[in-house]
There are 2 protein chains.
Amino acid sequence: MANYVFIAESLDGFIATASGGINWLNEIPNPDKSDFGYNKFISNIDAIVMGRISFEKVLTFDEWIYPKPVFVLSNTLEFLNENLSGKAEIIKGDIRNIISRLNQAGYKNLYIDGGKTIQSFLRENLIDEMIITRVPVLLGSGITLFGNIDRKINFDHIRTEVLNNHLVQSCYKKSIK
Amino acid sequence: MANYVFIAESLDGFIATASGGINWLNEIPNPDKSDFGYNKFISNIDAIVMGRISFEKVLTFDEWIYPKPVFVLSNTLEFLNENLSGKAEIIKGDIRNIISRLNQAGYKNLYIDGGKTIQSFLRENLIDEMIITRVPVLLGSGITLFGNIDRKINFDHIRTEVLNNHLVQSCYKKSIK
């Protein structure tokens, strides 16, 4: 039972441009059509928890990309389009309560996605493992992966791989020391 | 002739706490007394350019740590203590002019240090190579390595090493593509 982050960021810590743009991720050279470890990661995940902003971004994609149930953290959304039935649903409440309900429903390993959502989990020290892929670009501005949180959190470095001689992907686990 | 960055940052992109504290760097486990590549790096450097804030931090250290001349970028400082004679001097002006003067004086490879100074060089696209060492901690707040700059800058990934099974040190060169 753990909460995971799997995300790409620029060297200056942005996950999207200020307007939410992620085209810069499509500029990553990928001649081998690598999935950069995503399928291995997602195969271990039971459900995805994301914020409304990320969810609305996902809805602009040509197709639904998630092989696991998505829970959209939102206290404002009332309902989702019926074509998302069985794929995504809204979940409300405080974070500890939400995790507890999901775990009890059998969703043990959660993929936590979106800057604000990740930050709110970190504020409660509820992120267990992070796989962060660093793209060698300075975006200059945008939406940050991490924000100000009122605590220091130590992680253990688990492994680092260079992908495509371009990306640096590191796995960190929350330190129990 | 190139301008280099060699710096450690937290996972959330901070180089110091909000009050300039760097004790968190002393918490890095280092049983082998590694210099984490610093001596190799500095041996290739002709001079160090740093901002006033970093300089004032350096002055709090027990001893003068730099084996190469230090130029303190400041338009407000008027003079330095005489015990720094031959070690550090103040340099004023705009960045391109400063680099040009240093290069002409024989200082070809410059180590650019301090958050604000690095950011001002990046705004002019004048950083050629960055060696960034990521420490597996979220500080939560502090002084950022990178700030908002009004441009996107692509880098090439040159190499990554894991040091002490704890730090991830990556070298990036400004992309000419």
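Which strand of chain A is the place of A:Val137? A:Val137 sits in strand β8 (residues 137–138) of chain A, where helices (H or I, at least four residues) and strands (E, at least two) are DSSP runs numbered from the N terminus. This is a predicted model, in which local features need pLDDT of at least 70, side-chain atom pairs count only at pLDDT 80 or more, and totals for chains, interfaces and linings use all residues. Residues are numbered from 1 along each chain as its sequence is written, chains are lettered from A and ligands numbered from 1 in the order in which they are written, and side-chain values use heavy atoms, with hydrogens and water left out.

**View 1. The surroundings of A:Val137 in strand β8 of chain A.** A:Val137 is buried, with a relative accessible area of 4%. Buried means under 20% relative accessible area, exposed over 50%, and partly exposed in between (1.4 Å probe, protein chains only). Leaving aside neighbours within four places in sequence, A:Val137 is in contact with A:Ser10, A:Leu11, A:Asp12 and A:Trp24, and also with B:Lys152, B:Ile153, B:Asn154 and B:Phe155. Contact means heavy atoms within 4.5 Å. A:Ile28 is 109 residues from A:Val137 along the chain, and the C-alpha atoms of the two are separated by 9.9 Å.

**View 2. The two copies and the axis between them.** Chain B is superposed on chain A by a rotation of 180° with 0.0 Å of shift along its axis, with an RMSD of 0.0 Å. The two copies are thus related as by a two-fold rotation axis. In chain B, the C-alpha nearest the axis belongs to B:Gly13, 3.4 Å from it. The fit is by least squares on the C-alpha atoms of residues with pLDDT of at least 70 in both copies. Of the interface residues of chain B, 100% are also interface residues in chain A, so the copies meet through the same surface.

**View 3. The largest nonpolar core.** This core has 60 residues, and those with the most contacts inside it are A:Phe121, A:Leu122, A:Leu138, B:Phe121, B:Leu122 and B:Met130. A nonpolar core is a set of buried Ala, Val, Leu, Ile, Met, Phe, Trp, Tyr and Cys residues joined through side-chain atoms within 4.5 Å. Not counting residues up to four places away in sequence, B:Met130 touches A:Leu11 and A:Leu138 as well as B:Val5, B:Phe146, B:Phe155, B:Ser170, B:Cys171 and B:Tyr172. Apart from the largest core lies another, of 21 residues, among them A:Ile42, A:Met50, A:Ala88 and A:Tyr111.

**View 4. Helix α5 of chain B and the residue B:Asn125.** Helix α5 (residues 115–123) of chain B is mostly covered, with seven of its nine residues buried. These are B:Gly115, B:Thr117, B:Ile118, B:Gln119, B:Ser120, B:Phe121 and B:Leu122. Just after α5(B), B:Asn125 takes a positive phi of about 55°. Most residues other than glycine have a negative phi.

**View 5. The loop that holds B:Asn165.** B:Asn165 lies between β10 (153–163) and β11 of chain B. Its phi is positive, about 55°, although B:Asn165 is not a glycine. Is B:Asn165 buried or exposed? B:Asn165 is exposed, with a relative accessible area of 53%.

**View 6. B:Glu129 in strand β7 of chain B.** B:Glu129 is buried, with a relative accessible area of 12%. Leaving aside neighbours within four places in sequence, B:Glu129 is in contact with B:Asn3, B:Tyr4, B:Val5, B:Cys171, B:Tyr172 and B:Lys173.

**View 7. The largest cavity.** The structure holds two cavities of 30 Å³ or more, and about 70 Å³ of space lies in the largest. On a 1 Å grid over the protein atoms alone, a cavity is a set of points where a 1.4 Å probe fits but cannot get out, and lining residues have an atom within 4 Å of a point. Grid points are joined across faces, edges and corners, and a volume is the space filled by probe spheres set on the points. The lining consists of A:Ile132, A:Arg134, A:Val168, A:Ser170, A:Tyr172, B:Ile132, B:Arg134, B:Val168, B:Ser170 and B:Tyr172. By class, six of these are nonpolar, two polar and two charged. Ala, Val, Leu, Ile, Met, Phe, Trp, Tyr, Cys and Pro count as nonpolar, Asp, Glu, Lys and Arg as charged, and the others, Gly among them, as polar.

**View 8. The second largest cavity.** About 40 Å³ of space lies in this cavity. A:Ile131, A:Arg159, A:Glu161, A:Gln169, A:Ser170 and A:Cys171 line it. The largest share of the lining, three residues, comes from β11(A).

Methods. On a 1 Å grid over the protein atoms alone, a cavity is a set of points where a 1.4 Å probe fits but cannot get out, and a pocket is an open set with protein on both sides within 12 Å along at least five of seven lines; lining residues have an atom within 4 Å of a point.
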